Each structure stands twice: as structure tokens, then as C-alpha cells.
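Thanks for making time this morning. I would like to walk you through one model, going slowly enough that you can follow each part on the screen.

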Amino acid sequence: INAEYGTTPHTSSSMFSLLVLVAFAALALADKRHSPAPVMPHEIISEELRYDQASESMSSFVVFHEDWRDAEDNSIPVVAILPDWDGLNNYEHERAQMVISELGYAAIGVDIFGAEHQFVETVEERRQLVTFYAQHPLAFVGRVRAALSHALRRYPFLDESRIALFGYCFGGTGALAYAASGNHAAAAVAFHPGLSAPLRASGAVDTPLLVLSGSSDGGTPVASLLATEAALVNSSAPLEITRYGHIGHAFTAFDAAAYDARVDSRSWASAKQWVRVALGGADALAAAADALAPHAAFGGVDKAAGTLFRTLSTTSAVDGVELHTELLW
């Protein structure tokens, strides 16, 4: 696990602290379906966003700092989280809290399936819903656009020009479909998207796209990924595709058998850097470089500056050698 997910030293031995730790441990072990929504720190607000779209009641959510209500209009960047195939529930709330805590941006959890399907119970129902939206990508796009539109109207401090998409699994496919259909976002990150068939661009793609996929993901064959790359690479926007060796699908899903803490941590760091460059303003490059600091022990590439800043310790011949090689990406 990368350093940013390391253990925080214990600073109190009081019984109260112990009870708090036990309570959080119990929450983490609870079943996703039955556990309550995550407890937010007192300065962070999570509000339900209710609206209708295509004659269906929708229930998205927005996470933000309370003092942003008094912020200058259109000043706060946003990450919209597109859910995996079991609906918009605790997993997406956890990722939203990570966005606001680690990036300092507001987060919108985007409802795709409707207010009555916040947790899709059966695999069969999930397959039916995913198949429908795979066959009707513009319906998915309509859900995203509706959530963003209503959130921007209700929360005037959100910056419409600085919205990024984080999509997981089904939501990752949707993030790519959103960009490929000609809709603009400041950046988009697709975590282990399902690309059983190549994605086709139906409009000009101007969204910087980061695709994070496992090389052993049976839902995304190499041929399909390469065809998707060919469809997108002619756009003017940056495109980056990362394949993690020996890693399957759902490597970011905390409660999945396929969860991989190392790859989850590294992909999360890459996603944060990607959106910091897109949304972070004048000091975005410095912020992106800071994001890589915890990974120095592993070696890493500062994509913003275009340099390899440390070698991996693979052989004694290169141990401790500092390289400053210019990379093309």
C-alpha cells in the first residue's frame, strides 16, 4: 500500500478513542447493503439531490464543506462519481469523502438507475440494467447531464467549467461514453471500465481521458481496448491508458474478492494527479508533483513535468541511481 494509505500513529490511549476506533472498524466490516451512510466530519455536508429525469424520480447526492455556501459563485471544482453496477450507495459515498478530504473538491454522486434502485439486489437485475445502458449510451449520458444540471442550479458555488468524472466499472464505461458522445468534462477517469465491445466516438472528444484497467480483466479484452484507443486517439484531448499486470476486474472495490490494495492506491494517486492538472489552477503542476511524493520508494513518473524521477530497485546495478530522463507521453 502506498504511503498515503499508511497507518496513522496512535495519539491517545483514552477509552473514548478506543471506542471510536472500534465503532469505525465495525462500520467498515458491515455489509455494504445494510450499513448506514458513512459518518462525515462535522464540517462536511452530504445532501440528497432529488429531481425527475425522463419521468423517473432520481436521488443523487452532493458532498461539500459547509462554509462553501458563502463562497464566491462558481469557485469550487467538482468530481462527479459515476457508480458501479449495484447502484449509488455506500461505496460511492466513501469515494466522495475521499475526494473532498484528499483533493479539496466537491463531489456529486450521480444516480443512474433511479431512486428506487439505490442498491440493485441481484446479479440478474444488474445485468439487465447494465445491458440496457450499454445499448442506449445516450440514456446514460442523459442521467449524468441531469444530475450535473440540478446540482449546479442548487449549489451556485460549484464551478461548471471545472467538472471531472470518476467512473467505476459500469460507471467507468459510462464516463468514456459521456466523453465519446461529444459531451465535455474538464477530465474523466475510468476505473476498470467494461469494454467488451470497442467504444466508438460519435462526436468530437475534447475531454482528457485516463483509463485504468487490469491486464487480466476478462470484461475488457486487449483487442477491444486497443480499438477503443484507436477511436479516441485522434481527438485533440490527452489520452492515457494504464494496464496493471496480473490484475483483474474490480480492483478498487473494497469488499470484492478481486480488490487489490496496492493497485487501488496507485490508481487513486494517478486519478488525483490527472484531475489536479485539469482542475487545480495555477499551481496544478506543483500539486501533481506533490501527489507523487509518497511513491518515491517505488519509483515513479512525474507525468506533468515529463520526467522519470527515481528508478525501481530491480538490480544492484541501478540501486540508488537517480535518473532525469525526458519522457514523451
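Three helices, α3 at residues 123-135, α4 at 137-154 and α5 at 170-180, each give at least two residues to the lining of the second largest pocket, and please keep in mind throughout that what we are looking at is a predicted model. The helix that contributes the largest share of that lining is α5, with five residues. The pocket itself holds about 890 Å³ of space, and of the 39 residues lining it, those closest to its centre are Val 130, Cys 169, Phe 170, Thr 173 and Gly 194. If you sort the lining by class, you find 22 nonpolar residues, 10 polar ones and seven charged ones.

Let me stay with α5 for a moment. How many of its 11 residues are buried? The count is 10, so this helix is largely enclosed by the rest of the structure. Going along it, the buried residues are Phe 170, Gly 171, Gly 172, Gly 174, Ala 175, Leu 176, Ala 177, Tyr 178, Ala 179 and Ala 180, and Phe 170, as I said, is also one of the residues closest to the centre of the pocket. Just after the helix ends, Gly 182 takes a positive phi of about 95°.

Now to α4, where we can make a small check of the geometry. At 1.5 Å a residue, its 18 residues should span 26 Å, and the C-alpha atoms at its two ends are indeed 26 Å apart, so the expected and the computed lengths agree. Its buried residues include Phe 140, Val 141, Val 144, Ala 147, Leu 148 and Ala 151. When you read such a list, it helps to remember that an α-helix has 3.6 residues a turn, so residues three or four places apart point the same way.

Let us turn to the sheet. It is open and has eight strands, in the order β1-β2-β4-β3-β5-β6-β7-β8, with mixed pairing. The strands at the edges are β1, residues 44-53, and β8, residues 239-244, each of which pairs on one side only. From one strand to the next, the twist averages 20°.

Which strands does β3 pair with, and in what sense? Strand β3, residues 76-82, runs parallel to β5, residues 158-168, and six bridges join the two, with Ile 76 partnered by Leu 158 and Val 78 by Ile 163. Strand β3 also runs parallel to β4, through four bridges, and here the partner of Val 79 is Ala 107.

Strand β4, residues 106-109, is covered on both faces, since Ala 106 and Ile 108 on one side and Ala 107 and Gly 109 on the other are all buried. Its pairing with β2, residues 56-65, is antiparallel and uses three bridges, and within it Val 62 stands opposite Ile 108.

Moving on to β5, eight of its 11 residues are buried, so that strand is mostly covered. Five bridges join β5 to β6, residues 187-191, in the parallel sense, and Gly 167 stands opposite Ala 190 there.

I will finish with one residue in helix α2, which covers residues 90-102, namely His 93. Is His 93 buried or exposed? Its relative accessible area is 14%, and because the cut-off for buried is under 20%, His 93 counts as buried. Its C-alpha atom lies 9.1 Å from that of Ile 81, a residue 12 places away along the chain.

Notes. Residues numbered from 1 in each chain as written. Predicted model: local features only at pLDDT ≥ 70, side-chain atom pairs only at ≥ 80, totals over all residues. Heavy atoms only, no water. 1 Å grid on protein atoms, 1.4 Å probe; cavity = no way out; pocket = protein on both sides within 12 Å on 5 of 7 lines; lining within 4 Å. Points joined across faces, edges and corners; volume = space filled by probe spheres on them. Nonpolar A, V, L, I, M, F, W, Y, C, P; charged D, E, K, R; others polar. Expected span 1.5 Å × (residues − 1). Buried < 20%, exposed > 50% of the residue type's maximum accessible area, 1.4 Å probe, protein only. Pairing = 2+ DSSP bridges. Axes fitted to C-alpha atoms, helices over the stretch in contact; angles between N-to-C directions.
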